[in-house]
Amino acid sequence: MVNITYDASGSIDWFNPATGTVQVYNPGNIAWIIAATALVWIMIPGVGYFYSGLLRRKNALSMIWLSVVTLAVVSFQWFFWGFSLAFSDTAGQFIGDLRYFGLKNVLLQPSVGSPMIPSLMFCVYQLMFAAITPMLAIGALAEHGRLGPSILFIFIWSTIVYDPIACWTWNPNGWSNRRGVYDFAGGTPVHISSGTAGLAISIFLRKRRDYGTPRLAYKPHNSSYVVLGTVFLWFGWFGFNGGSALAANLRAIQACIVTNLAASVAGLTWMLIDYRLERKWSAVGFCSGAVAGLVAITPGSGFVGSPAAVCFGVLAGAICNFATQLKFFFRYDDALDIFAVHAIGGLVGNVLTGIFAQKSVAGFDGITVIKGGWLDGYFVQLGWQLANSCAGFGYSFAVTTAILWVMHYIPGLSLRCDEEAEIVGIDSYDMGEFAYDYVGLEVDLGVADIEGGLERERINATSGGREPHHGHHVVDADSNGGGITKGG
């Protein structure tokens with residue numbers, strides 16, 4: 001039995017035998033963090049649907065599959081040693097030890113994040129952050145990555161990339177935390193680390209087949225999935241940022257306000273920038289901007305006021321929109337713009353937090369005391385924000401590349417799929433299942449040339465998605481149920 005009683009108000013009183021003191025936990029705080037945990041959980045399949053809608057239909061199911069599998073893999077990794085590596089209270093400046101291996105003794109002692117909630121509550125809440133981060137990065141496998149080896153990659157990446165960055169940023173013993181870097185909910189551990197890892201994966205796996213040709217000049221195959229994924233993400237982000245106050249207090253409320261405001265402004269900004277080019281009101285553009293705004297406000301959500309959130313939204317929507325052009329300038333194939341939205345968005349958020357952070361806002365919880373940012377005259381804070389950002393960029397890119405390199409030379413663990421898998425789609429090749437119906441596969445492939453075989457299919461393969469077939473060709477069904485390509 002645990003040593004708990006309840007006082008007259010219904011609060012939990014836990015007797016700590018090590019210190020001989022009583023720790024009081026408010027049930028309202030615990031209830032809010034349980035709700036926040038569920039909110040962040042729904043974001044993980046939300047990423048899957050968001051990514052799925054942006055791809056061609058023959059690869060749509062693989063991203064949704066990856067989202068739930070990533071959650072499962074990281075849940076085990078977090079139990080096994082992830083939580084201990086990130087949040088053991090005897091951690092070093094860069095990574096923890098195995099004090100809580102297998103969640104041993106993770107019970108009612110105050111968490112390293114806040115004395116307001118017990119360690120067990122903090123553990124399951126932080127698990128959701130640990131699970132969504134590799135899912136953001138693994139989207140770089142889209143349309144040309146193998147699913148099987150990705151399971152091992154997720155476990156390794158979480159252990160030697162996410163856990164150390166989370167430790168140095170959020171653990172009281174971490175070098176970044178000890179130097180007063182402001183990162184309320186994961187600008188560096190979640191977004192910069194995942195966005196940079198996505199860049200490393202995109203470069204290492206090389207370009208998709210037909211990259212740079214009209215065959216890959218497609219639009220999202222299902223914009224409704226993009227909107228649905230955005231809804232899950234936006235909804236869950238109230239738990240992502242609001243829950244990071246680790247209590248039901250005014251600071252949590254303020255975090256929710258600025259989160260919603262920044263997402264709204266960034267969505268409008270991105271959409272208006274796209275409108276100036278095509279004179280079309282883009283749902284996908286609005287959703288992309290909203291996600292960029294959510295990313296940017298994440299590190300500053302517990303430190304900045306509402307007027308600053310408008311600035312976060314405008315700059316994130318504009319900068320991340322233009323950052324999507326980096327892949328054309330540097331000629332890497334980032335199908336889902338993970339680097340532009342998450343890494344660049346996280347950097348924007350970290351920098352703006354150094355400028356707009358205020359002592360008064362951080363003190364909304366009645367506990368936190370900071371020196372503030374530029375608005376409070378503490379100018380050196382921006383330098384520490386940049387230092388933490390650069391450390392996250394460099395560490396994630398280097399270690400992710402090392403993981404990919406080692407796996408590439410182990411038989412059966414290379415993450416790059418072969419050409420046939422790209423042609424038929426990852427859903428069919430690696431899963432044997434489809435997001436829609438089997439007929440839809442023929443639409444994506446262009447024709448079903450049984451006699452010509454794979455060589456003929458390489459010629460016939462088209463981009464799929466919502467756009468018509470490029471090159472002025474049409475596809476008709478022949479009398480045998482196959483397809484005949486005719487000149488337009």
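**Exercise 1.** In this predicted model, find the helix that holds Ile-257, then work out which surface patch Ile-257 helps to make.

*Solution.* Start with the fold: Ile-257 sits in helix H8, which covers residues 250-278. Next, check the exposure. The relative accessible area of Ile-257 is 41%, and since partly exposed covers values between 20% and 50%, Ile-257 is partly exposed. Patch members need over 30% relative accessible area. Finally, look at the partners: Leu-250, Ile-253, Ile-257 and Phe-364 make a nonpolar surface patch of about 360 Å².

**Exercise 2.** Stay with helix H8 and describe the surroundings of Ala-266.

*Solution.* First, the exposure: Ala-266 has 0% relative accessibility and counts as buried. Then list the contacts, leaving aside neighbours within four places in sequence: Ala-266 touches Gly-289, Ala-290, Gly-293, Gly-313 and Gly-317. Lastly, try a distance. Leu-315 is 49 residues from Ala-266 in sequence, yet their C-alpha atoms are 7.5 Å apart.

**Exercise 3.** Now move to helix H4 (residues 147-170) and decide whether Ser-150 is buried or exposed.

*Solution.* Begin with the relative accessible area, which is 1% for Ser-150. Buried means under 20%, so Ser-150 is buried. Beyond its neighbours within four places in sequence, Ser-150 is in contact with Trp-65, Leu-66, Ile-138, Leu-141 and Leu-415.

**Exercise 4.** Work out how many disulfides the whole structure has, and compare the exposure of Cys-311 and Cys-320 along the way.

*Solution.* Recall that a disulfide is a covalent bond between the sulfur atoms of two cysteines. Cys-311 is partly exposed at 25% relative accessibility, whereas Cys-320 is buried at 0%. The search of the whole structure then gives the count: zero disulfides.

Methods. Residues numbered from 1 in each chain as written. Predicted model: local features only at pLDDT ≥ 70, side-chain atom pairs only at ≥ 80, totals over all residues. Heavy atoms only, no water. Patch = residues over 30% accessible without salt bridge, like charges linked within 9 Å, V, L, I, M, F, W, Y side chains within 5 Å. Areas by Shrake-Rupley, 256 points an atom, 1.4 Å probe, with all protein chains shown as cover. Salt bridge = Lys/Arg side-chain N within 4 Å of Asp/Glu carboxyl O. Helix = DSSP H or I, 4+ residues; strand = E, 2+ residues; numbered from the N terminus. Buried < 20%, exposed > 50% of the residue type's maximum accessible area, 1.4 Å probe, protein only. Contact = heavy atoms within 4.5 Å. Disulfide = S-S within 2.5 Å.
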